[in-house]
Amino acid sequence: MLQAIEGIYKDGKVELKELPSDISESLVIVTFLKSEKNQHKNQMMKFGMFSGNNQSTEADFEIAEFHGDSEDSLDW
C-alpha cells in the first residue's frame, strides 16, 4: 500500500509531520517541492507594476481604444 506523508527536509534529515500507519520499514521515494518562500501568490495586475520609467497617458488609452471593425459585418 502506498502512503504519502508531508514532511520537511532540513540539515540532511527528513522530518515527517506524522508517522505512517502499519509500516515499520520500507523503501521510500523523496520528492522535493518548491520552497514556500520562493512561491508567488496568485495576484491580479496592479497599477504601475509594468510601468518602468514611462507612465501611460490618456492619449495612450485613446490610441488603443477599439472603435469597431468595418470588415466584420457587425453594426457597431
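**Entry 1: surface patch.** I began with the surface and found a nonpolar patch formed by Y9, V14, L16, V28, V30 and F32. Together these residues have about 630 Å² of accessible area. I note here that the model is predicted.

I then took the patch member V28 by itself. V28 sits in the loop between β2 (13-16) and α1 (58-64). Its relative accessibility is 66%, so I entered V28 as exposed, the cut-off for that class being over 50%.

**Entry 2: aromatic rings.** How many aromatic pairs does the count come to? I got one aromatic pair. The partners are Y9 and F32, with ring centres 5.3 Å apart. Their planes stand at 90 degrees, so I logged the pair as edge-to-face; the cut-off for that label is over 60 degrees.

I looked up where the two partners lie in the chain. Y9 belongs to strand β1 (residues 7-10), while F32 is in the loop between β2 and α1. They are 23 residues apart, and the pair links distant parts of the chain. Both residues are also listed in the nonpolar patch.

Are the partners exposed or partly exposed? Y9 has 47% relative accessibility and therefore counts as partly exposed. F32, with a relative accessible area of 57%, is exposed.

**Entry 3: whole chain.** I went on to the secondary structure and noted one helix and two strands. From the N terminus on, the order of the elements is β-β-α.

I checked burial for the protein of 76 residues, and 0% of them count as buried. The cut-off for buried is under 20% relative accessible area. The protein exposes about 8,700 Å². Carbon and sulfur atoms supply 52% of that area.

**Entry 4: positive phi.** I looked at backbone angles and wrote down two aspartates, D11 and D22.

D11 has a phi near 55 degrees, a positive value in a residue other than glycine. I placed D11 in the loop between β1 and β2. With a relative accessible area of 72%, D11 is exposed.

For D22, I read a positive phi of about 60 degrees, and this residue is not a glycine either. Where is D22 placed? I found D22 in the loop between β2 and α1. V28 and F32 are listed in that loop too. D22 has a relative accessible area of 81%, so I recorded D22 as exposed.

Notes. Residues numbered from 1 in each chain as written. Predicted model: local features only at pLDDT ≥ 70, side-chain atom pairs only at ≥ 80, totals over all residues. Heavy atoms only, no water. Patch = residues over 30% accessible without salt bridge, like charges linked within 9 Å, V, L, I, M, F, W, Y side chains within 5 Å. Areas by Shrake-Rupley, 256 points an atom, 1.4 Å probe, with all protein chains shown as cover. Salt bridge = Lys/Arg side-chain N within 4 Å of Asp/Glu carboxyl O. Helix = DSSP H or I, 4+ residues; strand = E, 2+ residues; numbered from the N terminus. Buried < 20%, exposed > 50% of the residue type's maximum accessible area, 1.4 Å probe, protein only. Phe/Tyr/Trp six-rings, centres within 6.5 Å; stacked < 30°, edge-to-face > 60°.
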